[in-house]
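Biologist: Please show me the model. I would like to ask about its empty spaces and its ligand.

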Amino acid sequence: MARKRILTGDRPTGPLHLGHYAGSLQNRVSLQDEYDTFIIIADIQALSTNFDRPEKLQVDVRDVALDNIASGLDPERMSIFVQSMVPQIAELTVLFSMFTTVNRLRHNPTIKSEAKQYGFEDNMTYGFLGYPVSQAADILFCRADLVPVGEDQLPHIEMTRFVARRFNELYDEVFPEPEPMVSRVSRLMGLDGNAKMSKSLGNCIYLSDPPDVVEEKVSQAVTDPARIHKDDPGHPEVCTIFNYHAAFSEDEIENIKEMCRRGTIGCVACKKNLAKRLNELLEPIRQKRRELEKAGSIDDILVEGNRRAVEEGERTMELVRDAMGIDYWDME
Ligand code: ATP
Ligand code: MG
C-alpha cells in the first residue's frame, strides 16, 4: 500500500526559530519515514506581507532550507521545494478561488489577527486576504493527507478541507480532506512575552543562534512580572521561561514548576538551566548547518525537491482538468 503523504512548510521571512522546532519541525523529522513527505518553502505566501522586499527571498529561501535539513530532514528521504517554482500551485489557486467566498476569508481568525499585527485591517491586499486559498493549493497540489502545524494554522487547514470537499462535490473525487497534526507544544511564546514567537515579530531564538546569543536572549526574556524578589512565589503559567521549559525540559518540568511556585528557584538560575538545555539541543543543528553551508549543496537539494514536486503537481493537474472537463485537446 502507498504511504500516506505529508505536506507542511514555512514562509521564508527569516531563519527558523524554536517555535518552528517545537510546533512542526520535530514532527516532520520523526514522521519522514512513515509518510511520503513534501516540505514547502512558501515564498509567494511570504510576499503576501513582504511584496515590497522580494530581494530578501534569495537569502531567506536558503536559510529556511538549511534550517529544515540541519534539524534532521533528510533530502534522500523527503522532498523540499520552493512554492513559486511549482506552477501547478498557482493554477490550482486560481481554480479554487472561483468557489471560495470573500466572506469565508474575512471570517478566518488567523487572517483577522495577522491583519491586525501587520496593520492591514482597513487596507488589505487581494493576495493577503486570499492567501489561505493559495495555502489550500500548497497542500492539495500533492493530495496530502496530513499537515503537521502550529495552532495558528488550524483555520487554514479547515479552509483546505473545505476547498477539497467543495471541489470533490462540484466536479469529481480528486482530493483527500487533509488532517492537521498539532504537536504537544502548539504555540511557543515570544521572548517579549507575546503569545507567539514569530519571525515577523522579532522575538525569537533562532535555530542558528550561537551559544552566547542564546544565553543573552534567555537572560533578557520576560518572566513573571509579579515576581520581584528571588524568593517570591512565582506564577509559571505566565512565564516565558517556564513556557520554554515545558517545551524543551519535559523530564524536569514538574520539579521546575514546584520550585518556581514555592520560590525556591530564582529566575536567574532557572534561565541558566534553560540556556544550557537549549544549547545542548541546538549544538548538533548548528553543526549540521555549518557542514551543509560548507558543502554548498543546498541549491541541488532544492532543484531535486522541485523536480519531484512538479511531477506530482502535473499528476494532480491531469486529474483536476479531467474532473472539470477543461482538457480540450491532448497536450502531448
Ligand atoms: P511569520 O511571522 O513570517 O509568519 P512564523 O514565525 O509565523 O513567521 P511560519 O513560516 O508562518 O512562521 O510558520 C511555519 C510553521 O511553524 C507553521 O506550522 C506554524 O504554525 C509553526 N510555528 C511558527 N511559529 C510557531 C510558534 N511560536 N509556536 C508553534 N508553532 C509555530
Ligand atoms: Mg506565520
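Biologist: How many cavities of 30 Å³ or more does a search of the whole structure find?

Modeller: This is a predicted model, where local features need pLDDT of at least 70, side-chain atom pairs count only at pLDDT 80 or more, and totals for chains, interfaces and linings use all residues. Residues are numbered from 1 along each chain as its sequence is written, chains are lettered from A and ligands numbered from 1 in the order in which they are written, and side-chain values use heavy atoms, without hydrogens and water. On a 1 Å grid over the protein atoms alone, a cavity is a set of points where a 1.4 Å probe fits but cannot get out. The search of the whole structure finds 1.

Biologist: Which element gives the largest share of the lining of the largest cavity?

Modeller: Lining residues have an atom within 4 Å of a grid point. The largest cavity has 13 of them, including Cys239, Cys260, Cys267 and Cys270. Helices (DSSP runs of H or I, at least four residues) and strands (E, at least two) are numbered from the N terminus. The largest share, 3 residues, comes from α13.

Biologist: What is the volume of the largest pocket?

Modeller: A pocket is an open set of points with protein on both sides within 12 Å along at least five of seven lines. Grid points are joined across faces, edges and corners, and a volume is the space filled by probe spheres set on the points. For the largest pocket, that gives about 900 Å³.

Biologist: Where does ligand 1 sit?

Modeller: A molecule sits in a pocket if more than half of its atoms lie within 2 Å of the grid points. The candidate has 45 lining residues, with His20, Glu114, Asp152, Gln153 and Lys196 nearest its centre. Ligand 1 sits in the largest pocket.

Biologist: Which element gives the most to the shell around ligand 1?

Modeller: A residue is near a molecule if one of its heavy atoms lies within 4 Å of it. There are 20 residues around ligand 1, and Arg11, Thr13, Asp152, Lys196 and Ser198 come nearest. β1 (5-10) and α1 (18-31) each supply at least two residues of this shell. The most, 3 residues, comes from α1.

Biologist: Which residue has a backbone N or O atom 2.8 Å from a nitrogen atom of ligand 1?

Modeller: A polar contact is a pair of N or O atoms within 3.5 Å. Two side chains reach oxygen atoms of the ligand: a polar atom of Asp152 at 2.5 Å, and an N or O atom of Lys196 at 2.5 Å. The backbone contact to a nitrogen atom comes from Leu188.

Biologist: How many charged residues are in the lining of the second largest pocket?

Modeller: Asp, Glu, Lys and Arg count as charged; Ala, Val, Leu, Ile, Met, Phe, Trp, Tyr, Cys and Pro as nonpolar; the others, Gly among them, as polar. The largest pocket has 10 charged residues in its lining. The second largest pocket holds about 480 Å³ of space. Its lining has 13 nonpolar residues, 9 polar ones and, of the charged class, none.

Biologist: Which residue in the loop between α8 and β4 has a phi near 50°?

Modeller: Most residues other than glycine have a negative phi. Here the value is positive, in a residue other than glycine. The residue in that loop is Arg143.

Definitions and conventions: A polar contact is a pair of N or O atoms within 3.5 Å; within protein, one must be able to donate a hydrogen and the other to accept it, and residues adjacent in sequence count only if both atoms are side-chain atoms.
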